[in-house]
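Visitor: I'm new here, and I'd like to know how the labels on a structure are earned. Could you show me one and let me ask?

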Amino acid sequence: MSRWLHVVIAWLIIAAVAVVQERSRVLAGILAAMPLSIPLAMWIVYAETRDPAQTARFTWAASLALIATLAFVLTAGWLLSRRVPFGWSLAGGYGVWLAVLLLMRWLGVLR
């Protein structure tokens, strides 16, 4: 039941972003950036292991992966500001996201 509750909350937030963006792009951006999937994933890891240390390692990896997510957002936003079509901007963002993750893995930051 708890997993479904998280899914419903996520969908409600997405719907709120769709409604709010007409009035405030800033508030819509804040809603879009809310931590939803990470707490759910943390709960799943903890529920499966009941081990705070394993959950902490997972959380650390997730926090490092946010660097790649920030690179995605900055790249896609920059490309959009250069009037690159939306689909290509997303593709560029994902390309940079993947490159950052691979670089972090190669450097040994993500194991």
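Guide: Here we go through some labels and the values behind them.

Guide: One thing first: this is a predicted model. It holds two aromatic pairs.

Visitor: Why is the pair of F72 and Y94 called tilted?

Guide: Let's look at the angle. Planes under 30 degrees apart count as stacked and those over 60 as edge-to-face, with the rest called tilted. The planes of F72 and Y94 are at 45°, so this pair is tilted. Their ring centres are 4.7 Å apart, and the cut-off for pairing is within 6.5 Å.

Visitor: Where do F72 and Y94 sit in the chain?

Guide: F72 is in helix α4, residues 52–81, while Y94 is in helix α5, residues 86–106. They are 22 residues apart, and the pair links distant parts of the chain.

Visitor: What makes the pair of Y94 and W97 edge-to-face?

Guide: Again, it's the angle. The planes of Y94 and W97 are at 90°, and edge-to-face asks for over 60, so the label fits. The ring centres of Y94 and W97 are 6.1 Å apart. Both residues lie in helix α5, three residues apart, which is about one turn of the helix. Put together, F72, Y94 and W97 form one aromatic cluster.

Visitor: How do you know whether F72 is buried or exposed?

Guide: Buried means under 20% relative accessible area. F72 has 17%, so F72 is buried.

Visitor: And why does W97 count as partly exposed?

Guide: Partly exposed is the range between buried, under 20%, and exposed, over 50%. W97 comes in at 31%, so partly exposed is the word for W97.

Visitor: What makes R50 and R83 exposed?

Guide: The mark to pass is over 50%. R50 has a relative accessible area of 58%, so R50 is exposed. R83 has 77%, so R83 is exposed too. R50 is found in the loop between α3 (37–49) and α4, and R83 in the loop between α4 and α5. Here's a quirk: R50 has a positive phi of about 55° although it is not a glycine. R83, also not a glycine, has a positive phi of about 65°.

Visitor: Which residues make the nonpolar surface patch?

Guide: W4, V7, W11 and I14 make it, and the patch covers about 500 Å². Take V7, which is in helix α1, residues 2–20. Patch residues need over 30% relative accessible area. V7 has 32% and is partly exposed, so V7 passes that cut-off.

Note on methods: Residues are numbered from 1 along each chain as its sequence is written. This is a predicted model: local features need pLDDT of at least 70, side-chain atom pairs count only at pLDDT 80 or more; totals for chains, interfaces and linings use all residues. Side-chain values use heavy atoms; hydrogens and water are left out. Rings of Phe, Tyr and Trp (its six-membered ring) pair if their centres lie within 6.5 Å; planes under 30 degrees apart count as stacked, over 60 as edge-to-face and the rest as tilted. Helices (H or I, at least four residues) and strands (E, at least two) are DSSP runs, numbered from the N terminus. Buried means under 20% relative accessible area, exposed over 50%, partly exposed in between (1.4 Å probe, protein chains only). Patches are made of residues with over 30% relative accessible area and no salt bridge: like charges are joined within 9 Å, nonpolar side chains (Val, Leu, Ile, Met, Phe, Trp, Tyr) within 5 Å. Accessible areas come from the Shrake-Rupley method with a 1.4 Å probe; for residues, only the protein chains shown count as cover. A salt bridge is a side-chain nitrogen of Lys or Arg within 4 Å of a carboxyl oxygen of Asp or Glu.
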